[in-house]
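Okay, thanks for making time, everyone. I'd like to walk you through one model today, going from a few single residues out to the whole chain. Let me put it on the screen.

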Amino acid sequence: MVIRNAVNLEDEIRKVEKGDVFTHEPLSRHTWYAIGGPADFYCVPADLDDLRALVRVCRSANVGYFVLGKGSNLLVSDAGLRGVVINLSTSCSTTGLEETTVKAGAGVYIPKLVLECEREGLAGIEMFAGIPGTVGGA
């Protein structure tokens with residue numbers, strides 16, 4: 001994919017994005033094996049509204065996007081990724097516990113979720129304790 005007018009895309013992204021926006025961000029900084037070339041755009045939406053707005057911009061510009069969690073299950077080429085990489089660690093990192101129901105966003109770190117459930121006396125998720133990723137990746 002070639003982004004024909006990356007400057008305009010960056011302007012559009014920055015108009016809607018309250019979170020962090022980086023250009024040519026090395027993905028090696030965001031993968032467990034510390035490998036991976038640059039992403040055209042690397043965004044960390046501040047909240048769900050921010051995430052929705054960013055996805056709308058990508059879709060309207062016909063630019064691909066890739067959703068990233070902790071990067072524990074990724075091997076990224078040194079050539080990097082074209083388009084927009086969206087990190088969910090902020091916008092989708094909330095959990096909610098109501099009696100025996102657990103709600104967890106895609107960006108929730110699995111070991112953190114296991115510990116929260118344990119503190120609340122909820123069982124059944126402990127088998128995931130050693131998985132080094134997010135709910136979305138699992």
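Let's start at G80. This glycine is buried, because its relative accessible area is 15% and the cut-off for buried is under 20%. And keep in mind that what you're looking at is a predicted model. G80 sits in the loop between strand 3, residues 65-68, and strand 4, residues 81-87. Which residues does G80 touch, leaving out those up to four places away in sequence? It touches G37 and P38. If you want a feel for distances, take G80 and K103: they're 23 residues apart in sequence, and their C-alpha atoms are 33 Å apart in space.

So let's hop over to P38, one of those two partners of G80. P38 belongs to strand 2. Is P38 buried or exposed, or something in between? It's partly exposed, with a relative accessible area of 36%. Again not counting residues up to four places away, P38 has a list of contacts: H24, E25, P26 and L27 on one stretch, then D78, A79, G80 and L81 on another. From P38 to D11 you go 27 residues in sequence and 19 Å in space, C-alpha to C-alpha.

One name on that contact list of P38 is H24, and I want to stop there. H24 is in strand 1, and its phi is positive, about 55 degrees, although this residue is not a glycine. As a reminder, most residues other than glycine have a negative phi. H24 counts as exposed, because its relative accessible area is 56%. There's another case like this at A34, where phi is near 55 degrees, also positive in a residue other than glycine. A34 lies in the loop between strand 1 and strand 2.

While we're on those two strands, let's talk aromatics. How many aromatic pairs does a search of the whole structure find? One. The pair is F22 with Y42: the ring centres are 6.3 Å apart and the planes are at 45 degrees, so it counts as tilted. F22 comes from strand 1, residues 20-26, and Y42 from strand 2, residues 38-44, so to speak two distant parts of the chain linked across 20 residues. The two partners have their own burial values. F22 is partly exposed, at 34% relative accessible area, whereas Y42 is buried, at 1% relative accessibility.

There's one more ring to show you, on Y109. The charged end of K70 sits over that ring, 4.9 Å from its centre. Both K70 and Y109 also turn up among the contacts of T134. T134 lies in the segment after helix 3, and it's buried, because its relative accessibility is 6%. Apart from neighbours within four places in sequence, T134 is in contact with G69 and K70, and with A106, G107, V108, Y109 and I110.

I110 takes us into helix 3, which covers residues 110-119. The buried residues there are I110, P111, L113, V114, E116 and C117. What do they pack against? Strand 5, residues 95-98, and strand 6, residues 101-104. After the helix comes G121, with a positive phi near 80 degrees. Also in the segment after helix 3 is I125. I125 touches L113, V114 and C117, once you set aside residues up to four places away in sequence. Its C-alpha is 9.8 Å from that of P111, and those two residues are 14 apart along the chain.

Okay, zooming out to the whole chain. There are three helices and six strands, and from the N terminus the order is α-β-β-α-β-β-β-β-α. The C-alpha trace spans about 55 × 30 × 20 Å along its principal axes. Of the 138 residues, 37% are buried. If you take contacts with a separation of 6 or more, 55% of them are between residues 24 or more positions apart. The accessible surface comes to about 8100 Å², and 52% of that belongs to carbon and sulfur atoms. On charges, there are 13 positive and 17 negative, and their mean positions are 6 Å apart.

That's my tour; happy to go back to any of these spots on the screen.

Methods
Residues numbered from 1 in each chain as written. Predicted model: local features only at pLDDT ≥ 70, side-chain atom pairs only at ≥ 80, totals over all residues. Heavy atoms only, no water. Buried < 20%, exposed > 50% of the residue type's maximum accessible area, 1.4 Å probe, protein only. Helix = DSSP H or I, 4+ residues; strand = E, 2+ residues; numbered from the N terminus. Contact = heavy atoms within 4.5 Å. Phe/Tyr/Trp six-rings, centres within 6.5 Å; stacked < 30°, edge-to-face > 60°. Lys NZ or Arg CZ within 6 Å of the ring centre and 35° of its normal. Areas by Shrake-Rupley, 256 points an atom, 1.4 Å probe, with all protein chains shown as cover. Lys, Arg positive; Asp, Glu negative; His and termini not counted. Charge placed at Lys NZ, Arg CZ, Asp CG, Glu CD.
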